[in-house]
Amino acid sequence: MRLSREGKTLLVGGYTTPVATRRHTVWHRLHPAEPHTRLKEGASLALDSVDELHPPIARLCEAIERELRTRVQANLYASWTSTEGFGVHWDDHDTIVVQLDGAKRWRIYGTTRPFPLYRDIEDPGEAPTEPVADLVLWPGDVLYVPRGLWHAVAADQGIRSLHVTRGLQTHTATDLVAWVCEQLLAHEDWRRDLPVLAAPDVQADAVNGMRKRLAELLDDPELLARYRTAMDGQAVGRMVPSLPHIDAVPVDGGLRVWLTTARAVLDVGEDTVTLSAAGSTFEFAPEAEAVLCPLVDGRTVDLAALADTAGLALEDVAGLIQELV
């Protein structure tokens with residue numbers, strides 16, 4: 001939770017009270033009267049990563065992730081006055097905005113640097129002074145804002161506003177090259193020390209060898225597909241504990257299960273079924289395909305239904321789920 005006004009994040013001490021426990025740990029306890037005052041003065045309230053707190057929003061984010069194959073995070077914003085909480089700014093990621101309650105005015109100013117990054121080598125400069133679009137979102141309205149697009153937002157329609165913004169993680173050429181460099185570690189010439197003190201001809205030969213090896217990988221027509229599959233298999237999703245079960249998954253037909261990552265990759269071969277999810281890879285017998293498919297598709301299914309679909313014993317399905325847990 002954070003409060004912002006006119007582009008500045010308010011200090012947490014302005015709306016909380018420090019509380020020291022008997023073990024001398026200091027906590028910041030919310031003091032309700034103080035945030036109310038800040039909000040009446042024009043501050044906006046933001047709840048970051050609300051998809052980690054609200055299951056329906058999490059399910060929607062996962063549905064978007066399943067389609068667009070990238071990490072999606074949701075932030076919730078509430079305003080009660082016409083004061084701009086964040087000023088004119090741009091984001092380093094694409095956003096999908098959904099107005100939930102009230103109304104919010106969006107002024108869109110265009111870009112000054114195409115596709116800016118959080119860590120960039122150039123500043124995008126000053127925002128344009130004239131908006132290219134001026135619109136008001138009402139409950140149910142959806143707005144897509146590409147990264148780098150300057151915008152300003154205000155609840156200036158005389159009513160309060162509540163909206164949720166879903167940020168989409170970017171994938172750029174620099175991300176691809178970083179992943180390619182990891183693949184290059186399989187080659188000795190990319191692990192060897194650089195000849196920084198050698199003669200110029202030796203240095204030139206070393207660079208030429210590295211260039212050839214890199215070109216071989218970049219010439220792969222399936223490179224982007226391989227990168228996407230690798231990123232999907234590493235995405236951890238929204239991990240949650242399987243409480244109250246802390247040991248083996250019980251053989252209970254009514255127990256409902258789901259995958260906590262929306263980007264799991266299922267590869268069905270002749271002799272094995274391979275699941276890549278949350279940074280791990282699992283290999284199962286072909287019979288596991290019928291169990292894994294509905295989970296990879298994002299469904300929440302009880303063990304009995306999975307066993308019936310796959311034609312397996314309930315004990316075997318529980319054991320398979322235990323492997324994933």
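**A tour of two cores, a helix crossing and some rings**

Start by selecting Leu275, Leu292, Leu303, Leu306, Val317, Leu320 and Ile321: of the 24 residues in the largest nonpolar core, these touch the most other members. Keep in mind that you're looking at a predicted model. Now colour strand S15 (273-277), strand S16 (280-284), helix H6 (289-296), helix H7 (303-310) and helix H8 (314-324), since each supplies at least two residues of this core.

Next, zoom in on Val317. Leaving aside residues up to four places away in sequence, Val317 touches Val291, Leu303, Leu306, Ala307 and Leu312. Another core, of eleven residues, lies apart from the one you've been viewing; pick it up through Ile57, Cys61, Val72 and Leu168, which are among its members.

Now show helix H3 (residues 173-184) with helix H5 (residues 223-234). Their axes are 11 Å apart and they pack at an angle of about 85°, so H3 and H5 are roughly perpendicular to each other. Turn on side chains: Asp175, Leu176, Trp179 and Val180 in H3 meet Leu223, Leu224, Arg226, Tyr227, Ala230 and Met231 in H5. That contact counts eight nonpolar residues, two charged and no polar.

Last stop, the rings. The model has three aromatic pairs. Trp179 and Tyr227 make an edge-to-face one, 5.8 Å centre to centre with 70° between the planes. Trp179 sits in helix H3 and Tyr227 in helix H5, so this pair ties together parts 48 residues apart in sequence. Trp179 is buried at 8% relative accessibility, and Tyr227 is buried at 8% too.

Then select Phe282 and Phe284: their ring centres are 6.3 Å apart and their planes at 15°, so this pair is stacked. Phe282 is buried, at 18% relative accessible area, and Phe284 is buried at 13%.

Definitions and conventions:
Residues numbered from 1 in each chain as written. Predicted model: local features only at pLDDT ≥ 70, side-chain atom pairs only at ≥ 80, totals over all residues. Heavy atoms only, no water. Core = buried A, V, L, I, M, F, W, Y, C linked by side-chain atoms within 4.5 Å. Buried < 20%, exposed > 50% of the residue type's maximum accessible area, 1.4 Å probe, protein only. Helix = DSSP H or I, 4+ residues; strand = E, 2+ residues; numbered from the N terminus. Contact = heavy atoms within 4.5 Å. Axes fitted to C-alpha atoms, helices over the stretch in contact; angles between N-to-C directions. Parallel < 35°, antiparallel > 145°, perpendicular 65-115°, else oblique. Nonpolar A, V, L, I, M, F, W, Y, C, P; charged D, E, K, R; others polar. Phe/Tyr/Trp six-rings, centres within 6.5 Å; stacked < 30°, edge-to-face > 60°.
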